[in-house]
Amino acid sequence: MFVTPAFAQGAPANGDTNAAAGTQPAGQTHTETGVAHDDHATGVFPPFDSSTYASQVLWLVITFAVFYWVMQKVIVPRVGGILEHRHDRIAQDLDEASRLKAEADAAVETYEKELAAARVKGSAIAEGAREAAKAKAAADRTAIEAELVAKIAAAEQRIGDIKAQAFGEVGAIAEEATSAIVDQLIGAKASADDVRAAVSAAKVEA
Amino acid sequence: MANDPTHQFQVFKIVPIEIGGIDFSFTNASLFMVATVACAAGFLYLSTANRGLIPTRMQSVAEMSYEFIASMLREGAGSQGMKFFPMVFSLFMFVLTANLLGMFPYFFTVTSQIIVTFVLALFVILTVVIYGFYKHGLHFLSVFAPSGVPKVLLPLVSSIEIISFLSRPISLSVRLFANMLAGHITLKVFAGFVASMSAMGALGIGGAILPLLMTVAMTGLEFLVAFLQAYVFAVLTCMYLNDAVHGGH
């Protein structure tokens, strides 16, 4: 409450701190321990109060040595280990990924090779089937044609036979008819030889 | 009331310890160093307890901070510098956690003490010097003599290099200390304006809006600074380690 801006500005100077230090013990109840610091309220600007140096150096050395030891023995190896482990793990995962990719590529290649082979095989089978069907059709056709030719020949043979037979019988019928006609006309029996000769002559004329 | 903006940097004893006449008391600063270590180590330990192949959110935060520092160190000091990984990672996590814990109201900011940042910086520089001489012997001194410099200019360049080398622990520690200190003081001053102006009646309450907005904005900025300073500390550590690992320029 006593502090005015003028005081605050002047405070770092020794004279004012001296005055302030004199008033302090009365109002100093908020410090953590409540210990009155009459020892160091010497009026010197606190950071330049050399009476505290020995204690500060000692405790700094102790605390910093402990801190350094903990850092060197525990923290640095641990954090370094974590980072290295992560680095290794990432490298390992990348390796694994590239290995899997190579495997996948190989599988794709195999697949395509097999697909091509299957395609070739498929078209060969189709071609073979087509050829076989064509050959069978041709064979069937020739067989049927041969059969038909044979049948036609047999039929023609029979027609020829029948014709020859018919022509053979024509002479006998004509001789019979001629002898009957001669018998009716002249009432005398013509000799079989005459009739036959006459028919043959007529046949030749016809 | 504790409106003194430097009060937050007071160191007071919790368990008084005195050895050989020197005060080694367990103080609030010690308490917050223990808290910083407990939070940082506890977070990293518990978040990675499952060793999940697929990280949880917390585990990926732990992994991100690990990989962040690992790539920073690899770029800064090459793969040979990776043997310093536990050191750089510890420094980064310690400073970051201490800075972030300091953002809680009423919490002590470990890194706002020049002695703390100086010891951390000294740790880095001593590591560089000891490892540099162990690895390169006296050739390590060639970091002070850049190659390709004319002989005439060598004394001048070398003295500049030596001064810059000696100023490294100072710049490394003061940068972190001053950033944390200034940020916390500024925050406290603006927050103090809000309290003291609003005590001055209606007009004061109206006027307190501006410092209140400023306080909110500053808080965001301070979170950025808390991370940024831890980052800068780690980056510079990597650059200095590069000298130790690879010798000259």
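A residue counts as buried when its relative accessible area is under 20%, as exposed when it is over 50%, and as partly exposed in between. Keep those cut-offs at hand for this tour of a predicted model.

**Stop 1: chain A as a whole**

Select chain A and colour it by secondary structure. You should find 4 helices and 0 strands, so the order from the N terminus is simply α-α-α-α. Chain A has 206 residues, of which 18% count as buried. If you build a contact map for chain A and keep pairs at least 6 apart in sequence, 29% of the contacts join residues at least 24 apart.

**Stop 2: salt bridges along helix 3 of chain A**

Now select helix 3 of chain A, residues 53-186, and show the side chains of Arg99(A) and Glu103(A). They meet in a salt bridge, with N to O at 2.7 Å. Why are these two separated by about one helical turn? Because Glu103(A) and Arg99(A) are 4 residues apart in helix 3 of chain A. Arg99(A) has a relative accessible area of 39%, which lies between the 20% and 50% cut-offs, so Arg99(A) is partly exposed. Glu103(A), at 44%, is partly exposed as well.

Next, add Lys101(A) and Asp105(A). Their side chains form a salt bridge at 3.3 Å, N to O. Both residues lie in helix 3 of chain A, 4 residues apart, or about one turn of the helix. Are the two partners buried or exposed? Asp105(A) is partly exposed at 41% relative accessibility, whereas Lys101(A), at 54%, is over the 50% cut-off and therefore counts as exposed.

Move along the helix to Glu127(A) and Arg130(A). This pair forms a salt bridge whose closest N and O atoms are 2.8 Å apart. Here the spacing is 3 residues in helix 3 of chain A, which again separates the partners by about one helical turn. Glu127(A) is partly exposed, with 38% relative accessibility. Before leaving, return to Arg99(A) and Glu103(A) and add Glu96(A): salt bridges that share partners join these three residues into one network. Over all chains, the salt bridges number 10.

**Stop 3: chain B as a whole**

Switch to chain B. It holds 7 helices and 4 strands, and along the sequence the strands precede the helices, in the pattern β-β-β-β-α-α-α-α-α-α-α. Of its 249 residues, 49% are buried. In a contact map of chain B, again limited to pairs at least 6 apart in sequence, 67% of the contacts join residues at least 24 apart.

**Stop 4: two helices that cross in chain B**

Select helix 1 of chain B, residues 28-47, together with helix 3 of chain B, residues 85-101. They pack at an angle of about 115°, and their axes are 9 Å apart. The crossing is right-handed. To see what makes the contact, show Met33(B), Ala35(B), Thr36(B), Val37(B), Cys39(B), Ala40(B) and Leu44(B) from helix 1 of chain B, then Phe89(B), Met93(B), Phe94(B), Thr97(B), Ala98(B) and Leu101(B) from helix 3 of chain B. Of the residues in this contact, 11 are nonpolar, 2 are polar and none is charged.

**Stop 5: where the chains meet**

Display both chains. Their contact takes 63 residues from chain B and 51 from chain A. The area buried between them is about 5400 Å², with carbon and sulfur atoms giving 74% of it. How many salt bridges are there between chain B and chain A? The count is 1. Select Glu63(B) and Arg86(A) for a salt bridge with N to O at 2.8 Å.

Two residues of chain B complete the tour. The first is Ser30(B), in helix 1 of chain B. Apart from neighbours within four places in sequence, Ser30(B) contacts Ser55(A), Trp59(A) and Ser25(B). Its relative accessible area is 1%, so Ser30(B) is buried.

The second is Arg51(B), in the loop between helix 1 and helix 2 (57-77) of chain B. With neighbours within four places in sequence set aside, Arg51(B) contacts Arg78(A), Ile82(A) and Gln59(B). Arg51(B) has a relative accessible area of 48%, so it is partly exposed.

Technical notes. Residues numbered from 1 in each chain as written. Chains lettered and ligands numbered in written order. Predicted model: local features only at pLDDT ≥ 70, side-chain atom pairs only at ≥ 80, totals over all residues. Heavy atoms only, no water. Buried < 20%, exposed > 50% of the residue type's maximum accessible area, 1.4 Å probe, protein only. Contact = heavy atoms within 4.5 Å. Axes fitted to C-alpha atoms, helices over the stretch in contact; angles between N-to-C directions. Left-handed = near helix turned anticlockwise from the far one by under 90°. Nonpolar A, V, L, I, M, F, W, Y, C, P; charged D, E, K, R; others polar. Buried area = accessible area lost by both parts, 1.4 Å probe. Salt bridge = Lys/Arg side-chain N within 4 Å of Asp/Glu carboxyl O.
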